[in-house]
Amino acid sequence: EWLRALGVDQVALMQEERRIFVVTETNAQFLVPARFNDEIVVTAGLSGLTRATFDIEQNIYRDSLDGDLLLKGSVRAAYLNADTLRPTRVPKSIFEEKLS
């Protein structure tokens, strides 16, 4: 969803450029339990970028960004050639707004 919000069309990327994203690592640190019917806010943002991988930091809060931090998480994804499944350079255009 975060990539979609950035305007990345993963279907077109795979069909037209033969590139895919693959999750290679996840981490979740549960800090405080959510309760039934709690409203939660989930955030996601770029926290690291190498030639062929990127890291997304994710947090879940109760009620608002000022509410209790319930979970701290991260995801590392690799950018691969869909035919060879070998890493390839992440185009700067995907994240250029997030890097400035």
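**A four-stranded sheet and a pocket**

Let's start with the sheet: this predicted model has an open one of four strands, ordered β1-β4-β3-β2 and paired antiparallel. The edges go to β1 (19-30) and β2 (40-49), and since each has a single partner strand, one side of each is left without a neighbour in the sheet. Going from one strand to the next, the twist averages 20°.

Now zoom in on the β2 end. Here β2 runs antiparallel to β3 (residues 53-62), and nine bridges join the two. If you want one pair to click on, take Val42, whose bridge partner in β3 is Ile60.

Over to the helix that sits against the sheet. Helix α2 (residues 10-17) packs on it, touching β1 and β4 (69-81). The direction of α2 makes about 145° with that of β1.

Next, some empty space. Rolling a probe the size of a water molecule over the atoms shows where such space is left. The second largest pocket comes out at a volume of about 190 Å³. Among the residues lining this pocket are Glu1, Trp2 and Leu3, along with Gln10, Phe21, Val23 and Ala44; Phe54, Ile56, Gln58, Val75 and Ala77 line it too. Two or more lining residues come from each of α1 (2-5), β1, β3 and β4, and β3 gives the most, with three.

What does that lining look like by class? It has nine nonpolar residues, two polar ones and one charged one. So much for the pocket; β3, which gives the most to its lining, is also the strand that nine bridges join to β2.

Terms used: Residues numbered from 1 in each chain as written. Predicted model: local features only at pLDDT ≥ 70, side-chain atom pairs only at ≥ 80, totals over all residues. Heavy atoms only, no water. Pairing = 2+ DSSP bridges. Axes fitted to C-alpha atoms, helices over the stretch in contact; angles between N-to-C directions. Contact = heavy atoms within 4.5 Å. 1 Å grid on protein atoms, 1.4 Å probe; cavity = no way out; pocket = protein on both sides within 12 Å on 5 of 7 lines; lining within 4 Å. Points joined across faces, edges and corners; volume = space filled by probe spheres on them. Nonpolar A, V, L, I, M, F, W, Y, C, P; charged D, E, K, R; others polar.
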